[in-house]
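Subject: Structure for your review

Dear colleague,

Please find the structure below, followed by a summary of what was found in it.

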Amino acid sequence: MRIAVTGSIATDHLMTFPARITDQLLADRLDQVSLSFLVDTLEVHEGGVAANIAYGLARLGHRPLLVGAVGADFAAYGARLAALGVDTGGVLVSRTRHTARFLCTTDPDGNQLASFYPGAMTEAATIDLAEVAGDADLVLVGADDPSAMLRHTRACRGAGIRFMADPSQQLARLGGTVIRELVEGADHLFTNEYEHALLLEKTGWSRSEVLERVGTWVTTLGEKGSRVDRAGEPPVEVAAAPAAAVVDPTGVGDAFRAGYLASLAAGLGPAGCARAGSAVASLALAAVGPQSYDAGPETLRAVPHA
């Protein structure tokens, strides 16, 4: 299966704060917040949702097509991905902007404060998906410049390409009309638990109304695993795979998607795909950075299908 992954490509600046972030928030001062965190560590890693998913797919034996916009500073990053087996032919290089930056502070409880500078990602809407990924069997439309997300979704519909809606972090920014267009007709919809509720609130749809419009709705539930919803069927709960260590939650959801997609390409059903996603996510959770974990086709072979 030829899989194209669209979305952000970024450099992650990951910091750790030794105390609880929530303890620094004063209930009677939330209208005037001014906080500065003295962090213990700084790790700089390559990231971005599309690149993270493409990395995972490549480690699992696929050759995914990465589609997104970057700056000229992407050269070394792109060469690394290409060496791992990612097809970077769908990447647009901006002449004026830097590759996007993600800055995130994480506390011992896994709470995070993050900022994202889009940079070259704002040019992603100029990419013609039909031109760069017209031969794809499946396209995951991930968090990106909103105009790019809409253009890619429309291109998939126009070309009759099977697509997955994965708006994730952009749900907070998008309005209901745009979200409804991104979701309508998707083969799969991915959200986490918070995004699940936010999507329902912003679209005004009920759970059943969403399922009338998508084939499968996968909701990741953190340490509780994931849930798979399909119209006319009872929800399927899939437990999280135990991690060797809990080190860094950044990119764990992207790793889940990589495992899910790789198993979908192998012909597994939604529950088996979710189990595979959990297995890969557990590897990412035990590593610092979203593209530091080790995996291979044998990772998926060890996952029970039933």
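In strand E11, which pairs with strand E12, Thr220 stands opposite Ser226 in E12. Strand E11 (residues 216-220) and strand E12 (residues 226-229) are antiparallel, with four bridges between them. Helices (H or I, at least four residues) and strands (E, at least two) are DSSP runs numbered from the N terminus, and two strands pair if DSSP finds at least two bridges between them.

This is a predicted model, in which local features need pLDDT of at least 70 and side-chain atom pairs count only at pLDDT 80 or more, while totals for chains, interfaces and linings use all residues. Residues are numbered from 1 along each chain as its sequence is written, and side-chain values use heavy atoms, leaving out hydrogens and water.

Both strands belong to an open sheet of nine strands with mixed pairing, ordered E5-E4-E1-E8-E9-E10-E11-E12-E13. At its edges, strand E5 (87-93) and strand E13 (236-238) each pair on one side only.

Turning to the helices, helix H5 (residues 176-183) has Gly176, Ile179, Leu182 and Val183 buried (under 20% relative accessible area, 1.4 Å probe, protein chains only; exposed is over 50%, partly exposed in between). These residues lie on the same side of H5 because they cover an arc of only 125 degrees around the axis, taken from the directions from the helix axis to the C-beta atoms. Their cover includes helix H4 (146-159), strand E9 (162-166), E10 and H6, where contact means heavy atoms within 4.5 Å. Just after H5, Gly185 takes a positive phi of about 80 degrees.

Yours sincerely
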